[in-house]
Amino acid sequence: MPHIENILALEILDSRGNPTLQVTVDLSDGHRGRANVPSGASTGSKEALEHRDHDLGRYGGKGVLQAVNAVETIVAPHLKNQNPYDQKNIDQLMIDLDGTANKSRLGANTILGVSMATAVAAAHSLKVPLYRQLRSVELSYLPVPMMNILNGGVHADTNVGIQEFMIVPVAAPSFHEAVRWGAEIYHSLKKVLKNKGLSTGVGDEGGFAPHLDNNEAALHCIAEAIEKAGFKLGQDVYLALDCAASEFYRDGKYHLDEKSLTSETLLVYYESLIRQFPIISIEDGMAEDDRDGWKKLTAALGEKIQLVGDDVFVTNPAILQEGISDQIANALLVKLNQIGTLTETFQAIDMAHRANYRCIISHRSGESEDTFIADLAVASSAKQIKTGAPARTDRVAKYNRLMEIEKELGTQARYAGQEILTLR
Ligand code: PGA
Ligand code: ZN
């Protein structure tokens, strides 16, 4: 049985040019695992704490040298000689060593980097693909990609209020065909925007970020792009939104498209969007602090469409449990760095599935070439993944990894496709 020999960390750059942590776990049998930690911009207030140096003389205070130091001088000696195959134990040792509720002592980035890199090292050591090491399932689902092809909110420098406009190619016969459909629609959207004299520069997640009058205008452009690419909107391809409503919620009001809305009038607005467009999923439709708004949203639309909790659940099993009891949302967005260990991430996924909530594995807006979440999506049977536009290496790397997994699994793999249309 191999043991953990050494753990190293490095300050690297993420897709936005901000520092992030890379962790390398070396095992006694010579195998090595490596992982890069992602980072968000529209973060939930209850996320586990990401450690930054706050030294304004470096990277505007965003350096992670203290996290590097924590990995090498605090975590590494603590985990030395431990069994890398026992992920639960590794994670628990770090949770206990940290000793805080939100991982503020060591930092969620510190702990997550080690948690992920240990799993990768174990997979290499056991000579199994990472998705098998994370969890062995009989039938592997390739997730439906929710591709964010138009970026707004805090991910773009424009006046488009909704953060993410996604296409969902449910009717594709396979994952790789879904990727092709998505890429063709992406290119079609570029032409549509160009013809309208709009900018084709991209936002943080690779989607276009044009100045548009309002959110409907974005949806009209996407609908046109889908048709022009030769696909049927509402049959081949559906739409999904991440409103990231916490970002435009101030003083008890939602400030969207130069309107000031209550949760009731925001809900009316969503209902009108759903009537006009085949939107099958709305994420963070209400702000994380507006529980009442969330309850109303779920009561009104929870039987019709997928309502995804991101900022409101922050992949935290305890917070998710409260949300399930309060009948808030019907799906969980899964982001490893919101909670900080692989074990707790799986706890949240399993809890969601037991309560008939769907799961969507997600990237962060700050990403890297790391493809861990592609394997996580297959291992967790999540059936949906959100990892940006089919463009830019930080996003495409995950799609490419999933196509590789699909080929490797052959007949043991099934594209989740239309299955996601059946609620509960
Ligand atoms: P973030 O955005 O990574 O900037 O938090 C992604 C999301 O809100 O889903
Ligand atoms: Zn979100």
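## Lysine 398 in helix α13

In this predicted model, the side chain of K398 reaches the backbone oxygen of D370 at a distance of 2.9 Å. K398 itself belongs to helix α13, which spans residues 393–409. With a relative accessibility of 0%, K398 counts as buried, because a residue is classed as buried when its relative accessible area is under 20%.

## The zinc site

The zinc ion (ligand 2) is coordinated by three residues, D242, E283 and D310. The donor atoms are OD of D242, OE of E283 and OD of D310, and the coordination distances run from 2.0 to 2.2 Å. Along the sequence, these donor residues follow the spacing D-x40-E-x26-D. The pair E283 and D310 links distant parts of the chain, with the two positions 27 residues apart in numbering. E283 is in strand β11 (residues 279–283), whereas D310 is in the loop between β12 (306–309) and α9 (317–325).

Both of these donors are classed by their accessibility. E283 has a relative accessible area of 2% and is buried. D310 likewise has a relative accessibility of 2% and counts as buried.

## Ligand 1 and its surroundings

Ligand 1 is surrounded by 15 residues, and the closest are A41, H155, R364, S365 and K386. Side chains of the protein approach oxygen atoms of this ligand at several points. For R364, an N or O atom of the side chain is 2.7 Å from an oxygen atom of ligand 1. For H155, a polar side-chain atom lies 2.8 Å from an oxygen atom of ligand 1. D310, a donor to the zinc ion (ligand 2), also has a side-chain N or O atom 3.1 Å from an oxygen atom of ligand 1. On its own, ligand 1 has 280 Å² of accessible area, and the protein covers 100% of that area.

Where does ligand 1 sit? Ligand 1 occupies the second largest cavity.

## Positive phi values

Two residues other than glycine have a positive phi, and their settings can be set side by side. Phi of K127 is near 55°, and phi of V314 is near 40°. K127 lies in the loop between α3 (108–126) and α4 (130–134). V314 is found in the loop between β12 and α9, the loop in which D310 is also placed.

Are these residues buried or exposed? K127 has a relative accessibility of 67% and therefore counts as exposed. V314, by contrast, has a relative accessible area of 0% and is buried.

## Further buried positions

S39 is located in the loop between β3 (32–36) and α1 (65–79). Its relative accessible area is 4%, so S39 is buried. The side chains of S39 and E50 are joined by a polar contact of 2.8 Å.

I7 lies in strand β1, which covers residues 4–13. The relative accessibility of I7 is 1%, and I7 therefore counts as buried. I7 and L307 are 300 residues apart along the chain, and a distance of 40 Å separates their C-alpha atoms.

Note on methods. Residues numbered from 1 in each chain as written. Chains lettered and ligands numbered in written order. Predicted model: local features only at pLDDT ≥ 70, side-chain atom pairs only at ≥ 80, totals over all residues. Heavy atoms only, no water. Donors = N, O, S within 2.8 Å, 3.2 Å for Na, K, Ca; no water. Helix = DSSP H or I, 4+ residues; strand = E, 2+ residues; numbered from the N terminus. Buried < 20%, exposed > 50% of the residue type's maximum accessible area, 1.4 Å probe, protein only. Near = heavy atom within 4 Å. Polar contact = N/O pair within 3.5 Å; in protein donor to acceptor, adjacent residues only side chain to side chain. Areas by Shrake-Rupley, 256 points an atom, 1.4 Å probe, with all protein chains shown as cover. 1 Å grid on protein atoms, 1.4 Å probe; cavity = no way out; pocket = protein on both sides within 12 Å on 5 of 7 lines; lining within 4 Å. Sits in = over half its atoms within 2 Å of the grid points.
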